[in-house]
Amino acid sequence: MTNLLAHLAHLEIASHDVAATAAFFEKQFGLRPVQTDDDGTTYLRCWGDYYPYSLVVSPGAEPALVNMAWRTTSADALEEAAARVQAKGVEGAWHDKRQGHGRSFQFTGPYGHTMELYWDVPQHQAPAELASVFPDRPERRSSHAAAPRFLDHVTIAASDVKGFAAWYSEVLGFRTMAFTELDHAEITVFSVLTTNEKSHDLGVVLDSSQRPGRVNHIAFWTDSVQELLVAADVLMENGASIEYGPSIHGVGEQSFLYFREPGGMRVELNTGGYRNYVPDWQANTWKPSLGSNSIYRNSAMPMSMTESFPPDEGRPTATEEGIVPGTEDAILNPYAQHGQG
Ligand SMILES: [Fe+2]
């Protein structure tokens, strides 16, 4: 299959308090709002995003992933991708023009995640006062708050990690880069997929809830580990609490940092990681004890990191229960360290 998808273009998330979420992304994290609709829906961009926006925050009762939009590699690739999705029995819908980009095909995949594909989208044109001195930069570098460069990836939650990876690889050509399986049981709890040379732009964690279409986190990019460390510091100074990190994942080898926005959604800032161009790459299977989540193998991931969104109704969150990492059932906390050697 020729490459159908080029990269992740934008994400839309829901917040019960759009104004607070948008203000957080602007003032505390360092994105720039470019448009706000009458219902509060806010379009934001990082200074290095190539298109007009990369994040849409819209009103909703709960934190949720409303849409993940991917740019195709060509106009023909859009047609082919849509046909391949429909051939699997997923109907989808064509939109002529919406949210500032051209014709798109939107569908909800087998695990309940809504994905939109488009080719036609304008390049970002910076206002004169924000124009960069460098020709390739969409906008001048920002030093505001964490100043993320651009949108990086999204990690969803699905009831069958291998099934999700297989469907998106077969139908849309994602390369599956790695799996993580529990140390003590043959249960696949994590996988990473990519459309390009990045170690991943689509992650999937095991979802033990009954709710389809959930998301674990959305992620932005910064250029260096030093900037990541400063971002963690600045977020703390801005009143945010860091949920996990800074540290380095074994899978993908990115440096990472996780925190929450006021609507409850988990946000990641990351940098580094390997580049992988191997067309017939075979995904290896990691174990938590190998450092899949924390490359130094010396700390367990906080229990709260297993929460996905919208919340699992009726089940208290890990933070509400005050669960101590390592005391919860392994399926609920699949990343806890087991049998470290
Ligand atoms: Fe991530």
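1. Strand 11 and strand 12 (residues 202-206) pair in the antiparallel sense through 4 bridges; strands pair if DSSP finds at least two bridges between them. Leu-202 in strand 12 is the bridge partner of Leu-193. Strands (E, at least two residues) and helices (H or I, at least four) are DSSP runs, numbered from the N terminus.

2. Some conventions follow. The model is predicted: local features need pLDDT of at least 70 and side-chain atom pairs count only at pLDDT 80 or more, while totals for chains, interfaces and linings use all residues. Residue numbers start from 1 along each chain as its sequence is written.

3. Strand 11 also pairs with strand 10 (residues 175-181), antiparallel, over 6 bridges. Ser-191 in strand 11 stands opposite Phe-179. The two strands, strand 10 and strand 11, make a hairpin with 6 residues between them.

4. How enclosed is strand 11 (residues 188-194)? Of its 7 residues, 6 are buried, so strand 11 is largely enclosed by the rest of the structure. A residue is buried if 20 or more other C-beta atoms lie within 10 Å of its own, exposed if 12 or fewer, and partly exposed in between, with C-beta atoms placed from the backbone.

5. Helix 3 (residues 161-172) has 12 residues, and its first and last C-alpha atoms are 16 Å apart, close to the 16 Å expected at 1.5 Å a residue. The expected span is 1.5 Å times one less than the number of residues. Val-161, Phe-164, Ala-165, Tyr-168 and Leu-172 are the buried residues to note in helix 3. They cover an arc of only 95° around the axis, which puts them on the same side of helix 3; the arc is that of the directions from the helix axis to the C-beta atoms.

6. What do the buried residues of helix 3 pack against? Their partners are strand 1 (5-15), helix 2 (75-87), strand 9 (150-158), strand 10, strand 11 and strand 12. Just after helix 3, Gly-173 has a positive phi of about 85°.

7. Helix 4 (residues 225-237) has 13 residues, which at 1.5 Å a residue should span 18 Å; the C-alpha atoms at its ends are 18 Å apart, in agreement. Glu-227, Leu-228, Ala-231 and Leu-235 are its buried residues. Seen down the axis of helix 4, these fall within an arc of 100°, so they line one face of the helix. Gln-226, Met-236 and Glu-237 are exposed on the other side of helix 4.

8. The cover over the buried residues of helix 4 includes helix 1 (18-29), strand 14 (242-248), strand 15 (254-260) and strand 16 (266-272). Gly-239, just after helix 4, takes a positive phi of about 95°.

9. Strand 2 (residues 32-36) pairs with strand 3 (residues 42-45) in the antiparallel sense over 4 bridges. Tyr-43 in strand 3 stands opposite Gln-35. The hairpin of strand 2 and strand 3 has 5 residues between the strands, and within this hairpin Gly-40 takes a positive phi near 95°.

10. Thr-42 belongs to strand 3. Is Thr-42 buried or exposed? Thr-42 has 25 C-beta neighbours inside 10 Å and therefore counts as buried. Leaving aside neighbours within four places in sequence, Thr-42 is in contact (C-beta atoms, placed from the backbone, within 7 Å) with Val-18, Ala-22, Pro-33, Thr-36 and Val-57. Asn-284 lies 242 residues from Thr-42 along the chain, and their C-alpha atoms are separated by 40 Å.

Conventions: Contact = placed C-beta atoms within 7 Å.
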